[in-house]
Amino acid sequence: MVRQLRWAAMCLLSGLSAAPLLGASALQCVPYARIVSGVEIRGDALTWWDQAAAQYQRGHEPKKGAVLAFRPVGPMTLGHVAVVSRVLDDRRVLIRHANWSAPGAIEEDVLAIDVSDAGDWSQVRVWHSPTAQMGARTNPTFGFIYPAKAKLHEFTPDPALGSSIRFARVDRDQWDDVRLPAGVTPSRSTPTYTRGQPAAPKMAQAKATARKAAPKLETDPFIVEYADSTPSQRTLSAIIADVKRETRLN
């Protein structure tokens, strides 16, 4: 039991979850992305890019409603898919995805940043809700899959798809003052905003106001159920401390 809880804590620290933990059936990224985007592709996320070649347009420019296909890396052996909900500029988008920061967790309108040298979205960092900051890991991607009609569809929880929790739903306007990481610059001189506002006034307004703190997430308290479902004599914080200590020793 303690070993299982240690594994759960490790996934919280890494910010990646490729499969349900503790043997529970959790909502996976693939059915969630298929429903929200309308892209009718099935199979593991790592196969979506090749499957899309015969059905959809693909590219490396973010667009609302497009599916961002992640390459397999580290513990994310099956890849990952996320849906673009808003384009902030050419280096920042908001995404909706499932089973990333915690098993079965649904995160809506959270930040993803292009950190590739070429500005082609081949390397991204993604918001990690449990720590309320950008994930430290750089994730390689294939690119964007564009649906025939760019539309975001609502997701209704379905027990047949696995258990799910709405871990984070963020006010999209709160991301306006979250800047790019140090060393990452926009690949084009004029950012693109989806609300029709010119870039220059938007940037001037941002400079005229103090930077806001990291966006406050509406966290579902039931997110801790997967770690607390089995009685234990040890607290989760103690287990996380053990994980950190073992990581340093290894």
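This passage describes the nonpolar cores, the salt bridges and one enclosed helix of a predicted model.

The largest nonpolar core holds 26 residues. Within this core, Phe70, Val93, Ile95, Leu111, Val126 and Phe144 touch the most other members. Strands supply much of the material for discussion here. At least two core residues come from each of β2 (67-70), β3 (80-89), β4 (92-98), β5 (105-114), β6 (123-128) and β8 (139-146). Valine 126 illustrates the packing. Beyond its neighbours within four places in sequence, valine 126 is in contact with Phe70, Ile95 and Leu111 among others. Its further contacts include His97, Trp100, Ala112, Met134, Gly135 and Asn139. A second core is separate and has 23 residues. Ala33, Val36, Val39 and Phe142 are among them.

Charged side chains form another set of links. Side chains of opposite charge can pair when their charged atoms come close. The structure holds 4 salt bridges, and three are described here. One joins aspartate 89 to arginine 92, with the closest N and O atoms 2.9 Å apart. Both aspartate 89 and arginine 92 are buried.

Another salt bridge pairs arginine 96 with aspartate 109, at 3.0 Å from N to O. This pair links distant parts of the chain, 13 residues apart. Arginine 96 lies in strand β4, and aspartate 109 lies in strand β5. Arginine 96 has a relative accessible area of 13%. Buried means under 20%, so arginine 96 counts as buried. Aspartate 109 is buried as well, at 6% relative accessibility.

Strand β5 also takes part in a salt bridge between glutamate 108 and arginine 166. Here the closest N and O atoms are 2.4 Å apart. The two residues are 58 residues apart in the chain. Arginine 166 sits in strand β9 (residues 165-169), and glutamate 108 sits in β5. Their exposure can be stated for each partner. Glutamate 108 is buried, with a relative accessible area of 5%. Arginine 166 is partly exposed, because its relative accessible area is 26%.

Helix α2 spans residues 29-37. Of its 9 residues, 8 are buried, so the helix is largely enclosed by the rest of the structure. The buried residues are Cys29, Val30, Pro31, Tyr32, Ala33, Arg34, Val36 and Ser37. Ala33 and Val36 also belong to the second core. The cover over the buried residues of α2 includes α3 (48-52) and strands β2, β3, β4 and β5. Just after α2 comes glycine 38, with a positive phi of about 80°.

Methods: Residues are numbered from 1 along each chain as its sequence is written. This is a predicted model: local features need pLDDT of at least 70, side-chain atom pairs count only at pLDDT 80 or more; totals for chains, interfaces and linings use all residues. Side-chain values use heavy atoms; hydrogens and water are left out. A nonpolar core is a set of buried Ala, Val, Leu, Ile, Met, Phe, Trp, Tyr and Cys residues joined through side-chain atoms within 4.5 Å. Buried means under 20% relative accessible area, exposed over 50%, partly exposed in between (1.4 Å probe, protein chains only). Helices (H or I, at least four residues) and strands (E, at least two) are DSSP runs, numbered from the N terminus. Contact means heavy atoms within 4.5 Å. A salt bridge is a side-chain nitrogen of Lys or Arg within 4 Å of a carboxyl oxygen of Asp or Glu.
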